[in-house]
Amino acid sequence: MLKATGLCEFLGFISLNCTSEPDAQPERAVIMMVFWGRGAQRLFWMRTYIFLIVFLGMLAMASNVVVGQTAPNQAQLEQMASRFAPTPLRVDTSALSPGDRQALVKLIEAARIVNDIFMEQYWSGDLALYQRLQSDHTPLGRARLHYFWINKGPWSDIDEYKAFLPGVPPRKLPGSNFYPEEMTKEDFEHWVSALTPEEQEQAKGFFTVIRRKAAQPKAKGFLGPPDKLQDIFIIVPYSEEYKEDLTRLAGLLKDAANETDNPSLKKFLSTRADAFLSNDYYESDMAWMDLDAPLDITLGPYETYNDEIFGYKAAFEAYISLRDDQESAKLSAFAKHLQEIEDNLPIDPQYRNPKLGAAAPIRVVDQIISAGDGAHGVQTAAYNLPSDERVVQQKGSKRVMLKNVQEAKFHSVLLPIARKTLSKSAMLDVNFESFFTHILAHELMHGLGPHQIKVGDRDTNPRKELKELYSAIEEAKADVTGLFALQYMMDHSKQMGLGNVLPSDEAAQRQLYVTFLASAFRSLRFGLNDAHGKGMAVQFNYLMDKGGFVPHGDGTFSVDMTKIKDAVRDLDHDLLTLEAEGNYAGAKKMLDELGVVRPILKRALDRLQDIPTDIEPVFVTADQLAPAATPAPTTRTSAKTTRSRRRSRSH
Ligand SMILES: [Zn+2]
């Protein structure tokens with residue numbers, strides 16, 4: 001298997017090579033239009049043209065000689081795709097009411113339309129390219145289509161968006177298809193500055209695209225001034241730009257609203273259907289916050305990651321899921337004890353919060369199908385929405401955790417990591433239950449600990465004081481406080497009445513820490529630029545130094561149960577105190593000393609390079625309930641039979 005770095009270097013060559021492909025010669029096409037057919041000078045220009053063709057051909061050959069590579073071949077594409085382990089997603093929908101089951105079929109069909117809209121938003125040539133790839137039945141064509149479908153475009157998400165197909169821009173366009181391709185950031189700002197305040201708001205809005213106005217035909221021999229910028233660009237609402245698809249989507253959502261018997265789902269679906277046609281999403285975002293139904297639906301334009309120029313424009317995504325009632329019960333049981341945990345945090349009592357605010361709602365669901373922006377590259381494991389600040393101010397935001405996606409990642413990525421990093425006996429204690437329970441605790445713990453603090457006489461908060469260091473410290477705090485809180489609840493399980501939702505015997509305690517150790521390696525693979533990765537390096541090194549994590553001669557690790565609890569408590573004290581005191585210098589010292597990959601850790605991480613980066617979900621239940629007209633181009637090798645059953649997004 002190709003190493004990630006080797007692959008990036010390899011992909012770096014593709015851009016140079018696009019010119020050697022027959023359909024990637026824009027320069028030549030332009031030259032042809034300008035130079036061809038100008039009467040008397042025609043012969044001269046023809047000679048020049050022939051010279052240029054020869055010259056450019058030599059250039060292209062020269063670059064081939066220098067590079068010695070072309071776009072990835074079939075074997076290379078298959079290697080790239082193998083970084084995503086095909087994993088079936090099955091969900092038992094038998095408990096749904098007949099109405100909900102009818103609604104679900106419509107919603108799966110709606111999700112597939114979301115794929116089309118997203119591809120339209122991603123790149124102007126995306127859908128046409130997808131169609132061409134579908135009609136190429138050669139083995140190379142199949143491999144290209146498969147990796148295209150994983151990425152929903154011709155650029156590899158996990159290789160900094162490098163192109164893996166010939167004849168396309170060498171990298172994903174920063175503005176995707178939200179702005180005219182040749183528009184620069186300065187063009188946009190210059191243009192916007194001349195608009196009225198209302199127009200400016202629309203131009204920068206979530207739900208509009210910027211398009212170039214069709215050029216007005218000029219009289220023959222026109223010598224006037226060139227068009228002013230104000231006359232060149234126009235604002236087009238999504239409801240116009242994607243009218244055809246959005247009308248079909250609205251129809252399917254209305255149908256589903258008529259079928260379901262759950263009032264909160266009915267409300268969300270019908271207001272969202274109206275939003276597609278009116279371009280006003282406010283009411284349906286409010287309805288989404290109130291949604292509490294067996295079918296958990298997120299469908300519409302949401303995240304702005306793909307607008308890398310300004311982060312203004314929302315991409316369409318869909319998550320069609322089933323609420324997990326068992327995990328929801330566990331969550332609400334935990335939620336009842338948050339104040340007691342806050343009152344016992346390992347920190348100077350003056351820093352504890354005597355009255356916690358209402359916790360943000362969390363939903364645990366099993367995903368049936370995801371689509372569009374929610375289904376390319378590394379798969380979303382959890383998300384926080386909505387993005388509309390007006391809604392967030394009134395209703396807060398909601399976190400949705402995709403339990404079966406996390407379970408699929410656990411089996412396809414975490415277990416193989418554990419097998420290479422844990423001692424044989426420790427390996428026996430790794431399980432999904434402990435993994436997921438800790439993730440739940442991590443999310444809840446973001447709400448505990450210092451939030452409003454005083455530095456001298458100043459009222460402030462940890463984020464303001466710790467600045468760019470805050471995310472890594474806060475992620476480490478949520479992890480470690482999560483361990484602390486689970487240990488606290490296990491120790492007081494009887495009094496707290498948690499016997500039914502949280503196993504607390506010795507084995508369960510061991511499983512918690514050992515599974516956490518295995519998951520540390522998974523987070524560390526994200527690298528130190530990622531807040532979770534940096535925060536995890538701090539924890540790993542601290543717990544090693546205190547003897548809680550123990551290295552062995554064969555390069556594996558285990559947990560010392562006699563030391564880990566005190567080590568966790570001490571680290572939690574240090575992290576919480578940094579936040580409580582807004583101690584920037586202290587946070588910097590901690591990250592500089594501990595937020596690093598030491599040689600012993602580097603050796604362990606080096607051994608993980610052949611393990612998949614993520615999963616490629618195969619939507620088995622969705623395809624059974626609503627067979628697709630064109631089956632998704634997933635891998636031809638049968639999906640591995642691992643037990644079936646990702647600011648605002650995590651992976
Ligand atoms: Zn977090």
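**Figure 1. Serine 321 and its partner across the E7–E8 pairing.** In this predicted model, serine 321 has glutamine 367 of E8 as its bridge partner. The pair belongs to a longer run of contacts between backbones: E7 and E8 are antiparallel and joined by seven bridges. What about the other neighbour of E7? E6 and E7 are also antiparallel, with seven bridges joining them. On that side, look for glycine 300, which sits opposite glutamate 317 in E7. With these partners around, how many of the eight residues of E7 are buried? Seven of them are, so to speak, under cover, and E7 counts as mostly covered.

**Figure 2. The whole sheet, edge to edge.** Pull back a little and six strands come into view, forming an open sheet with mixed pairing. Reading across, the order goes E6-E7-E8-E10-E9-E16. Which strands sit at the edges? They are E6 (295-301) and E16 (649-650), and each of these pairs on one side only. As a reminder, strands of a sheet pair through backbone hydrogen bonds, in either the parallel or the antiparallel sense.

**Figure 3. Helices against the sheet.** Two helices are shown here with the strands they meet. Helix H6 (residues 98-122) packs on the sheet and touches E6, E7 (316-323) and E8 (362-372). The direction of H6 makes about 155° with that of E7. Helix H19 (residues 403-421) lies across E8 and E10, and H19 runs at about 75° to E8.

**Figure 4. The E9–E10 pair and a cis proline.** Strands E9 (residues 382-385) and E10 (residues 398-402) pair in the antiparallel sense over four bridges. Alanine 382 is found opposite methionine 401 in E10. Now follow the chain to leucine 385 and proline 386: the peptide bond joining them is cis, with omega about 0°. Where does proline 386 sit? Its place is the loop between E9 and helix H18 (389-395). Worth a second look, since most residues other than glycine have a negative phi, and most peptide bonds are trans.

**Figure 5. Two loop residues with positive phi.** Here are glutamate 160 and serine 176, each in a loop. Glutamate 160 lies between strands E2 (155-156) and E3 (162-163), and its phi is near 50°, a positive value in a residue other than glycine. Serine 176 is in the loop between E3 and helix H9 (185-193). Phi of serine 176 is near 45°, again positive in a residue that isn't glycine. Is each of them buried or exposed? Glutamate 160 counts as exposed because it has 12 C-beta neighbours inside 10 Å. Serine 176 has 24 other C-beta atoms within 10 Å, so it is buried.

**Figure 6. H6 meets H7.** The same helix that packs on the sheet also has a helical neighbour: H6 and H7 (residues 126-134) pack with their axes 7 Å apart, at an angle of about 115°. From H6, the contact takes Asp116, Met119, Glu120 and Tyr122, while H7 brings Asp126, Leu127 and Tyr130. By class, the contact of H6 with H7 has four nonpolar and three charged residues, and no polar ones.

**Figure 7. The H26–H28 crossing.** Helix H26 (residues 531-545) and helix H28 (residues 584-594) cross at roughly 75°, their axes coming within 9 Å. That angle is why H26 counts as roughly perpendicular to H28. On the H26 side you'll find Lys534, Ala537, Val538, Asn541 and Tyr542, and they meet Met590, Leu591 and Leu594 in H28. Sorted by class, the residues of this contact are six nonpolar, one polar and one charged.

**Figure 8. Two nonpolar cores.** The largest nonpolar core has 151 residues. Which residues have the most contacts inside it? Ala110, Ala111, Val114 and Leu517 do. The helix giving the most to this core is H6, with twelve residues. Zoom in on leucine 517 and, leaving out residues up to four places away in sequence, you'll see it touch Leu422, Phe549, Phe557 and Val559. Apart from the largest core lies another, of six residues, including Tyr179, Phe188, Val209 and Ile210. For the chain overall, buried residues make up 41% of the 651 residues, and the secondary structure comes to 30 helices and 16 strands.

Definitions and conventions: Residues numbered from 1 in each chain as written. Predicted model: local features only at pLDDT ≥ 70, side-chain atom pairs only at ≥ 80, totals over all residues. Pairing = 2+ DSSP bridges. Contact = placed C-beta atoms within 7 Å. Axes fitted to C-alpha atoms, helices over the stretch in contact; angles between N-to-C directions. Buried ≥ 20, exposed ≤ 12 C-beta atoms within 10 Å, placed from the backbone. Parallel < 35°, antiparallel > 145°, perpendicular 65-115°, else oblique. Nonpolar A, V, L, I, M, F, W, Y, C, P; charged D, E, K, R; others polar. Core = buried A, V, L, I, M, F, W, Y, C linked by C-beta atoms within 7 Å.
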